[in-house]
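Biologist: Hello! I am new to this structure, and I would like to learn how to read its pockets and its ligand. Could you take me through them?

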Amino acid sequence: MDKNFKEEFRQIIKFEPPLYKQRHQFVKDLVEKYKPKKVADLGCADCSLLWMLKFCSCIEVLAGLDICANVMKEKMHTLSPLPVDYLQPSERSLTVTLHHGSVAHKDPCMLGFDLVTCIELIEHLEESELKKFPEVVFGFMAPSIVVISTPNSEFNCLLPGVMLYRHPDHKFEWSQAEFQSWALETARCYDYSVEFTGVGHPPTGMEKVGFCTQIGVFFRKYPQSAESVQSEKPMEAVYKTVFKAVYPSLKDEKYLQNAVISEVIFTAQIIKHRLMSKHEEYSDDPEKKSKFHLSMDCFSDYLGKLVVEKTMEPFVSGNEVYIPLTTIFSFPKVNRLCGTFEKLCKLIAGKVTLSSDGSAVMFNIEHENEDN
Ligand code: SAH
């Protein structure tokens, strides 16, 4: 390569977005494509990738591992649920855990993952650790997908200020041929296939140097057997758990119950409001007014094409407003939250005022009228 040409690029190479963000985005795109439920990030450092992944709605279990507890602890609070997560619990469940330990050791907490990411990790491993790494990740954890990224040493000549390695803690940096030969051999040994790609494009005219960060995406070739999930495998835990957050979720009965009660009361209030404004239209006809029914046709926007039976129609009787539970159940949000009518009845029992036969939500409008 022409020396002057190289020197010229050293001055101008700047990635936009920054390279670490491109690596994390690469993982996020992969998650969105393959929708893994359980993801482990090895060498998670300051947890920034984990933080980004917690917003991927397919993920139910997120775990991080690093040999340096302090770097993980710096920002681990960003992985805790926020007040809004309690106010509006999500439909999925999510548990985030951080472990302190080495990828050179096996721990049962690392079993059962669908995707394992190792972003800029392997070049930090000592020779002895790198030797054990494939057996731990591909042999023991054996997820369906493994992503490994590492610097491409052929790109270094274009980076300003890089003498030997890009970071003082790097134990090695591989050329494309070196990485690919290690990856292909590892894939062959553990029955995976591997595809090579990268992030950080070389400048025009320098395509031969390849991506700045080289990436191998490994796919397990054999199906997962019950045996390979073996959380029961008798084995000692060697990692130390330093953080665990269980996010509020509607899968948890107590959050579901709160959400259903709020939604039932909210829906009943909307119906009551509509009913009362129609009711007022009959203010000079006491006969009609004392036993007034509201046609559910006026809720067609909410109910879609649902056919509403006559028995579901809310009514006013004297000072009481009755909104049948069947009506409330026919509103999509309540319906989706509860699934079955029986579940709706069970979740609101004793928490919402019902008619004596338990079939309708009941409001007394006497006080409201007095207030008016
Ligand atoms: N994955 C992060 C940063 C990687 S830096 C990112 O994408 O930004 C490498 C990280 O690997 C460091 O935090 C370092 O503490 C960790 N590490 C080094 N050796 C390790 C080992 N044997 N086991 C687990 N983590 C290790």
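Modeller: Gladly, and please keep in mind that this is a predicted model. Let us begin with the lining of the largest pocket, to which α2 (19–34), α3 (48–53) and β2 (61–66) each give at least two residues.

Biologist: Which element supplies the largest share of that lining?

Modeller: That is α2, with three residues.

Biologist: How does one find a pocket in the first place?

Modeller: The general idea is that a probe the size of a water molecule, rolled over the atoms, shows where empty space is left. In this structure, the largest pocket holds about 790 Å³ of space. Its lining has 33 residues, and those closest to the centre of the pocket are Gly43, Ala45, Ile119, Glu120 and His124.

Biologist: How many residues of that lining are nonpolar, polar or charged?

Modeller: The lining of the largest pocket has 13 nonpolar, eight polar and twelve charged residues.

Biologist: And where does the ligand sit?

Modeller: You will find the ligand in the largest pocket. Around the ligand there are 15 residues, and the closest are His24, Gly43, Asp66, Val103 and Ile119. Sorted by class, this shell comprises seven nonpolar, five polar and three charged residues.

Biologist: Which protein atoms lie 2.8 Å or 3.0 Å from a nitrogen atom of the ligand?

Modeller: Look at the backbone for these two. Gly43 has a backbone N or O atom 2.8 Å from a nitrogen atom of the ligand, and Val103 has a backbone N or O atom 3.0 Å from a ligand nitrogen atom. For a side chain, turn to Glu129: one of its polar side-chain atoms is 3.2 Å from a nitrogen atom of the ligand.

Biologist: How much of the ligand does the protein cover?

Modeller: On its own, the ligand has 580 Å² of accessible area, and the protein covers 86% of this.

Biologist: Now, what is the volume of the second largest pocket?

Modeller: The second largest pocket has a volume of about 320 Å³. It is lined by 14 residues, with Leu87, Gln88, Pro89, Ala259 and Lys333 nearest its centre. Two or more residues of this lining come from each of α5 (83–87), α9 (253–280) and α13 (332–338).

Biologist: Which element gives the most there?

Modeller: For the second largest pocket, α9 gives the most, with five residues of the lining. By class, the lining of the second largest pocket splits into seven nonpolar, three polar and four charged residues.

Definitions and conventions
Residues are numbered from 1 along each chain as its sequence is written. This is a predicted model: local features need pLDDT of at least 70, side-chain atom pairs count only at pLDDT 80 or more; totals for chains, interfaces and linings use all residues. Side-chain values use heavy atoms; hydrogens and water are left out. A residue is near a molecule or strand if one of its heavy atoms lies within 4 Å of it. A polar contact is a pair of N or O atoms within 3.5 Å; within protein, one must be able to donate a hydrogen and the other to accept it, and residues adjacent in sequence count only if both atoms are side-chain atoms. Accessible areas come from the Shrake-Rupley method with a 1.4 Å probe; for residues, only the protein chains shown count as cover. On a 1 Å grid over the protein atoms alone, a cavity is a set of points where a 1.4 Å probe fits but cannot get out, and a pocket is an open set with protein on both sides within 12 Å along at least five of seven lines; lining residues have an atom within 4 Å of a point. A molecule sits in a cavity or pocket if more than half of its atoms lie within 2 Å of its grid points. Ala, Val, Leu, Ile, Met, Phe, Trp, Tyr, Cys and Pro count as nonpolar, Asp, Glu, Lys and Arg as charged, and the others, Gly among them, as polar. Grid points are joined across faces, edges and corners, and a volume is the space filled by probe spheres set on the points. Helices (H or I, at least four residues) and strands (E, at least two) are DSSP runs, numbered from the N terminus.
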